[in-house]
Amino acid sequence: MDFTIRAATFEDCKDISRMILELAEFEKVSDHVKITQRDLEQDGFSKNPFFHGIIAEVPEHLKSREGHTKIGYSLYFYMYNTWKGRAVYMVDLYVMAEFRGKGIGKALMTKVSQLGLAAGCTQLNFTVLDWNKSSLDFYLKQGCWDVTSELGYHCMRCEGEALQHLAQGEL
Amino acid sequence: MANFNLRKAEPKDVPDILRLIKELAKYEEMEDQVLITEKDLLEDGFGEHPFYHCVVADVSAEHQKVEGYSVIGFAMYYFTYDPWIGKLLYLEDFYVMKEYRGFGIGSEILKHLSDTAVKNRCSSMHFIVAESNKTSIDFYKRRGASDLSLQEGWRLFRIDKENLLKMSAEE
């Protein structure tokens, strides 16, 4: 299939926002999405971006049923591992259903790996839901390993009221 | 109660930060995994585009319990992004030397970090804990943290440099 992978721009935020919602629906949690197109524009395309993005695009004649040419994306940022140093974290990886099975997801992930290596990173980290068998299989085939299984690492979160209480020094 | 001071790390703290990183790795039985050097920490934390931020806890000479060490705790963090809820504070490492535990230093560090998260309009603080580390898990759960791996099925995945290189070299 004919497609290109390129860096996301401010103008892509509308489609990125659309696809974030599609991915959230796939993960059965679309009511969790609070981020808007405007937040993405501010947080990803101002002087100190909190994330970077890449887009998979198809030519006009291959556009989706609903007329979209931007049909996949990945959001990532740079992080730090105190044992190995610079690392890249892939936050989202998504290809619209009708464009899957054509190597686009792999191409997006390859691009993130290249960008990470170019920035001096030695690791690519990301999270996957344990029931997402097709994604788990895809990642294991690329040479990834499950840190949660092998090292027993659990992802933890402190948010909302709990975070506020903690900031005020309350237990 | 130990008298301590919590402050932003400076380049001169790098040797102590590396010492504490190695002590924490030893506590997690992974000390041979630490490949990072003082040079990496200096470049990556105090250059033009820092990959991480760090706070240290230090004690004055008359309160030192371990001779020669005034920096007795640290926390390393950075800002990350969740496409559903926006900016997050990610706590990468958090450690207080054994001799200084039980004095509220850890709680004070966590309070400072939560405060930093709230001030920077982060909706959540994320971090990873090994499931075998019961003391730490209890410490965090008492402060309102939830275990995303258990509750939502998130598994942390990783690709190491060798496989990153393989992937990035593929057409």
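# Two chains, shared sheets

A:Gln123 stands opposite B:Asp160, a residue of strand E7 of chain B. That pairing is a good way into this predicted model, in which strand E5 of chain A (residues 123-129) and strand E7 of chain B (residues 154-160) run antiparallel and are joined by seven bridges. Let's look at the two sheets, then at the interface, and finally at one arginine.

**The sheet with E7 of chain B**

- Seven strands make up an open sheet with mixed pairing, in the order E1(A)-E2(A)-E3(A)-E4(A)-E5(A)-E7(B)-E6(A).
- At its edges are strand E1 (4-7) and strand E6 (145-146) of chain A, each of which pairs on one side only.
- Within this sheet, strand E3 (residues 70-81) and strand E4 (residues 85-95) of chain A are antiparallel partners, linked by ten bridges; to find the pairing by eye, look for A:Gly72, which stands opposite A:Val95 in E4(A).
- Helix H1 of chain A (residues 13-26) packs on the sheet, where it touches strand E2 (52-57), E3 and E4 of chain A. The direction of helix H1 makes about 85° with that of E3(A).
- Helix H1 of chain A also holds both A:Arg18 and A:Asp15, three residues apart, or about one turn of the helix. These two form a salt bridge, with 2.9 Å between the closest N and O atoms.

**The sheet with E7 of chain A**

- Another open sheet of seven strands, again with mixed pairing, follows the order E1(B)-E2(B)-E3(B)-E4(B)-E5(B)-E7(A)-E6(B).
- Its edge strands belong to chain B: strand E1 (4-8) and strand E6 (146-147), each pairing on one side only.
- Strand E3 (residues 71-82) and strand E4 (residues 86-96) of chain B pair in the antiparallel sense over ten bridges, and B:Ala75 has B:Phe94 as its bridge partner in E4(B).
- Helix H1 of chain B (residues 14-27) lies across strand E2 (53-59), E3 and E4 of chain B, at about 85° to E3(B).
- Helix H4 of chain B (residues 134-142) lies across elements from both chains: strand E7 (153-159) of chain A, along with E4, strand E5 (124-130) and E6 of chain B. Helix H4 runs at about 160° to E5(B).

**The interface between the chains**

- Contacts involve 72 residues of chain A and 69 residues of chain B.
- The two chains bury about 7100 Å² between them, with 62% of it on carbon and sulfur atoms.
- Polar contacts between chain A and chain B come to 31 residue pairs, both residues being at pLDDT 80 or more. On the side of chain A that touches chain B, the residues divide into 39 nonpolar, 21 polar and twelve charged.
- There are three salt bridges between chain A and chain B, while the structure holds 20 over all chains.
- B:Arg155 forms a salt bridge with A:Asp146, and their closest N and O atoms are 2.8 Å apart.

**A closer look at A:Arg86**

- A:Arg86 is found in strand E4 of chain A.
- Beyond its neighbours within four places in sequence, A:Arg86 is in contact with residues of chain A, including A:Met79, A:Tyr80 and A:Cys121, and with B:Glu43, B:Asp44 and B:Phe51.
- A:Ala119 is another of its contacts: the two residues are 33 apart along the chain, and their C-alpha atoms are separated by 8.1 Å.
- A polar atom of the A:Arg86 side chain lies 3.0 Å from the backbone oxygen of A:Ala119.

Methods
Residues numbered from 1 in each chain as written. Chains lettered and ligands numbered in written order. Predicted model: local features only at pLDDT ≥ 70, side-chain atom pairs only at ≥ 80, totals over all residues. Heavy atoms only, no water. Contact = heavy atoms within 4.5 Å. Buried area = accessible area lost by both parts, 1.4 Å probe. Salt bridge = Lys/Arg side-chain N within 4 Å of Asp/Glu carboxyl O. Polar contact = N/O pair within 3.5 Å; in protein donor to acceptor, adjacent residues only side chain to side chain. Nonpolar A, V, L, I, M, F, W, Y, C, P; charged D, E, K, R; others polar. Pairing = 2+ DSSP bridges. Helix = DSSP H or I, 4+ residues; strand = E, 2+ residues; numbered from the N terminus. Axes fitted to C-alpha atoms, helices over the stretch in contact; angles between N-to-C directions.
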